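Work through the exercises below with the sequence and the 3D view open. Try each task before reading its solution.

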Amino acid sequence: VHLLRAEGETYAFYHDTVREALYRQVIASRRQRLHGFIGRALETRGAPRDGVLSLPKDVHHLADLAFHFSRSGDREHGVHYARLAAEEALRAYAPLEAVRHYQSALHLIEQMKEAGLPIPPQKGELLLGLGEAALQTGMEAEAIAAFHSAQAWFEQRGDPLAAGRAAHGLGRA
């Protein structure tokens with residue numbers, strides 16, 4: 001019985017059902033640790049010999065990093081890579097994918113808030129990015145909500161220039 005197939009240097013399951021069944025058999029704490037190991041392995045893949053990490057530019061690689069770090073409990077890295085994936089998706093003219101990545105990053109920030117952790121300062125920029133990506137996909141209601149939240153975020157932090165950028169986006173939406 002063939003469960004795995006070789007794809008270059010990696011392996012994949014022949015069917016998602018097999019992967020999902022095996023995944024459910026692993027206890028939650030081990031799954032979390034494994035996601036952390038995978039995230040760190042993906043992060044260092046392709047690193048130069050001097051140990052300095054190069055920034056991956058492939059949106060799928062960035063999305064994989066965000067996925068594994070968010071499920072490892074390392075929400076800060078999850079937010080970081082979800083934002084990079086969203087920005088790269090916009091550069092690749094994939095605004096719907098960018099919307100999903102921005103939403104994922106903002107969801108992780110909400111989890112951080114609920115856990116009593118400090119909210120990353122880039123939340124406002126994530127909201128602006130979500131608004132822009134939503135506008136490009138024709139999701140006007142999502143864009144309006146994102147720009148409105150960004151404006152409130154920046155006003156609370158005393159950043160009138162950024163609040164003005166959000167108000168401009170709100171007007172366009």
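**Exercise 1. Charges.** Find how far apart the mean positions of the positive and negative charges of the protein chain are.

Solution. The model is a predicted one. Step one is to count the charges: the protein chain has 20 positive and 21 negative charges. Step two is to take the mean position of each group; these two points are 5 Å apart.

**Exercise 2. Layout of the chain.** State how many helices and strands the protein chain has, and in what pattern they follow along the sequence.

Solution. The count gives eight helices and two strands. Reading along the sequence then gives β-β-α-α-α-α-α-α-α-α. To place this layout in space, draw a box along the principal axes: the C-alpha atoms fill roughly 60 × 40 × 35 Å.

**Exercise 3. Surface and interior.** Describe the accessible surface of the protein chain and its share of buried residues.

Solution. Start with the outside: the accessible surface comes to about 10,600 Å², and carbon and sulfur atoms account for 55% of that. Next turn to the residues: of the 173 in the protein chain, 34% are buried.

**Exercise 4. The largest pocket.** Identify which helices and strands each supply at least two residues of the lining of the largest pocket.

Solution. First, the space: the largest pocket holds about 740 Å³. Second, the lining: it consists of 21 residues, and those nearest the centre are Tyr11, Phe13, Arg19, Ile38 and His68. Third, the elements: strand 1 (4–7), strand 2 (10–13), helix 1 (16–25), helix 2 (28–44) and helix 3 (59–72) each supply at least two lining residues. Helix 2 gives the most, with five residues.

**Exercise 5. Two residues in helices.** Decide whether Leu106 is buried or exposed, and do the same for Gly129.

Solution. Begin with Leu106, which lies in helix 5 (residues 95–114). Its relative accessible area is 12%, so Leu106 is buried, the cut-off being under 20%. Leaving out residues up to four places away in sequence, Leu106 touches Lys123, Leu126, Leu127 and Leu130. The C-alpha atom of Leu106 is 14 Å from that of Ala134, 28 residues apart along the chain.

Now take Gly129, in helix 6 (residues 123–137). Gly129 counts as buried because its relative accessibility is 9%. Between the C-alpha atoms of Gly129 and Val99 the separation is 8.2 Å, although these residues are 30 apart along the chain.

Methods:
Residues numbered from 1 in each chain as written. Predicted model: local features only at pLDDT ≥ 70, side-chain atom pairs only at ≥ 80, totals over all residues. Heavy atoms only, no water. Helix = DSSP H or I, 4+ residues; strand = E, 2+ residues; numbered from the N terminus. Buried < 20%, exposed > 50% of the residue type's maximum accessible area, 1.4 Å probe, protein only. Areas by Shrake-Rupley, 256 points an atom, 1.4 Å probe, with all protein chains shown as cover. Lys, Arg positive; Asp, Glu negative; His and termini not counted. Charge placed at Lys NZ, Arg CZ, Asp CG, Glu CD. 1 Å grid on protein atoms, 1.4 Å probe; cavity = no way out; pocket = protein on both sides within 12 Å on 5 of 7 lines; lining within 4 Å. Points joined across faces, edges and corners; volume = space filled by probe spheres on them. Contact = heavy atoms within 4.5 Å.
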